[in-house]
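Visitor: Could you take me on a close look at the pockets in this structure? I'd like to hear what lines them.

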Amino acid sequence: MGRKILFVTTDQQRYDSLGCTGGRIARTPVIDDLAANGVCFDRAHPENVVCMPSRATMVTGQHVRTHGVWMNGVPLPLDAPTVAGVLHDAGYRTALVGKAHFEPFLDPFLRFEENRLGAHDQTSGAGPHRGFDHFELAAHGGVGLNHYARWLTREHPEHLSSYYPAIDIGTLEVNSAGGGDTGAPQVANNPIPADWYHTDWVADRTIAWLEGLATDDDWFCWMSFPDPHHPWDPPASEVGRVAWRDLDLPPGFGTSVDERAAILDTKPRHWRQWWDGELVSNYEAPARWVPATLTDDQVREVNARTHVENELVDAALGRVLAAIAARGWADDTDVVFTTDHGELQGDFGFLFKGPYHVDALMRLPLVWRPAPSTGIGAARVEAPVGLIDLAPTFCAIAGIPVPEWMEGGPLPISPAEAAAQKRERVFTEWDSRHPTGVEVHLRTLHRDGFTVTVYEPGTVHDGTEGELYDHAEDPLQLVNFWDDPVRRALRDDLVDDLRAIQAEWRTPVRSPQAPV
Amino acid sequence: MATMRQSVFVERSADAVWALVGDPASVTAWFPQMVAVQVEGNQRSITLASGMTLLEEIVTRRDDLRRFQYRLTGPLPVESHLGTIDVIPDGQARCVVVYSTDVIPHALAYVLDGAVGDALANLKAFMEAG
């Protein structure tokens, strides 16, 4: 009997959202306890800052240009190798409960297996899909081609319209309609009881799957919460946990419109163009929302609701850990908690995400609580690591050699091991091609406390633009040193390093099959 | 308006391919995920495997040009749509099928174009197997 693996992800959660990573609002005692008894990583980056590419990296252990999911809407190839497949072949029982998103959501032709399973309320097909024996899927609301929507339709149809529609069904764009107390986009009051909200459903279904296993089964369960990704519509009964009027504005928001404008003008032009409502470069934010209209109170309300959603995730995880303990598995279960990417959440005057490689989107919470039976002690690791390292870590936990096709390595359990592994850099990239023809391409390296981003030619940039941030001097990334002659040698060194580690693209580059 | 275009070479004559593609009632034979079709005049309804029924208006069916055009009219939230299929000979026993999609809203462009990609691959396999 080997170590069991509970892999917990959220969607679109910032590094600074947890107690163990410096957050002061959301109460997250369960995750904080995992961090206190495990390894907490302070510089974990995704390889891409939107869902599908990042999740494809997590499940394959590969860079974006290897697995080929280069933007939302590009499905992970059916023959892509996965860590779930490796574990399955080694005898593990495997499940994914919650949000998968290896395949597009918007699928009226029902072309994709995840959607077929959800639409037909089946937990498995002809065999394992992407290595998972069992799927029970959810997304960001009560409708869609997923099991949660089917369950809600069957059990609580009176709440089908309780959720905010994340997609405007008239335009199929991300909804820009405002609500709540401040009219902030994607904020709404949701009358659904907390017990029926998707966070609790994901935990309930995870527990049900675990209860169906034999005591001596080895298992790998990816429990994937859709929150705190917008819409920000937690159950109304829980909204009072955090009073938005009492919140300070996030330090990255700036003190005035003029200050925000001045900061944005030092960055590549798409920052300011989006803020002014002059550019829609990607699908992941409401096309009809102009960030410059974002008010102080809207930022407070979005943040408050995000904190509420994070508290609900923490409590749900606590229930699952209790169920694991009740099965007698507590000492032999590794728990890994992270997210797929961050959220701007007010920084620089923005919400949502896009081609913006700053800590808001790139610095992620990552906690690994090794199975207590291993005797591995608590540690904090500041060296850079990536989500690409998760799949190899799961192999290492299971005692399986890391396959050659995985491009990361097992996470270090201490600063000393991080140094021995020469953990010095992490690479993130962005590519998008909007149906209107707008193309944006970013390549980013984080090393030695600096983040450098180069822009490849697209329809917005000519290839000369870039960003350089010194996190020690400027932790909020307010000052772009790209054109600073004093730092030119540093910039050149970082860019050379970035170019040296860039791999070749898997060809042919595949077309998006949906916007998301 | 988002505009997309895909094409595929088929190792069969243009006339043979057009006999299938130009028949609005035969779409279920080559377009995946389409399970039933009804044609009445210039109105076509197609039932998808998902259960959704697409409503279409046939705009053009020209044997001389081997061109078929249609508009989606519902239930997808289409503000404007035109699908165009051209079958163009490339010698006596080979042709190229060009499938263009012009659509508003933009968000539908990749969805429709992705399905078109499957359909053209399926059309080629179907024709060349026969």
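Guide: Here is a walk through two pockets, one after the other. Keep in mind that this is a predicted model. Let's start with the largest pocket, which has a volume of about 1,200 Å³. Its lining is made up of 47 residues. If you want to find the middle of the largest pocket on your screen, look for F105(A), L106(A), V143(A), G144(A) and I167(A), since these lining residues lie nearest its centre. Now, which helices help out here? Two come from chain A, namely α5 (113-119) and α6 (147-155), and α2 (107-129) comes from chain B; each of them supplies at least two residues of the lining of the largest pocket. Among these, α6(A) gives the most to that lining, with three residues. As for chemistry, the lining of the largest pocket splits into 28 nonpolar residues, 12 polar ones and seven charged ones.

Next stop: the second largest pocket, with a volume of about 800 Å³. Here 31 residues form the lining, and the ones closest to the centre are R14(A), D16(A), G22(A), P250(A) and P251(A). The elements giving two or more residues to the lining of this second largest pocket are α10 (296-326) and α11 (359-362), both in chain A. Of these, α10(A) gives the most, with four residues. Sort the lining of the second largest pocket by chemistry and you get 10 nonpolar, 12 polar and nine charged residues.

Notes: Residues are numbered from 1 along each chain as its sequence is written. Chains are lettered from A and ligands numbered from 1 in the order in which they are written. This is a predicted model: local features need pLDDT of at least 70, side-chain atom pairs count only at pLDDT 80 or more; totals for chains, interfaces and linings use all residues. Side-chain values use heavy atoms; hydrogens and water are left out. On a 1 Å grid over the protein atoms alone, a cavity is a set of points where a 1.4 Å probe fits but cannot get out, and a pocket is an open set with protein on both sides within 12 Å along at least five of seven lines; lining residues have an atom within 4 Å of a point. Grid points are joined across faces, edges and corners, and a volume is the space filled by probe spheres set on the points. Ala, Val, Leu, Ile, Met, Phe, Trp, Tyr, Cys and Pro count as nonpolar, Asp, Glu, Lys and Arg as charged, and the others, Gly among them, as polar.
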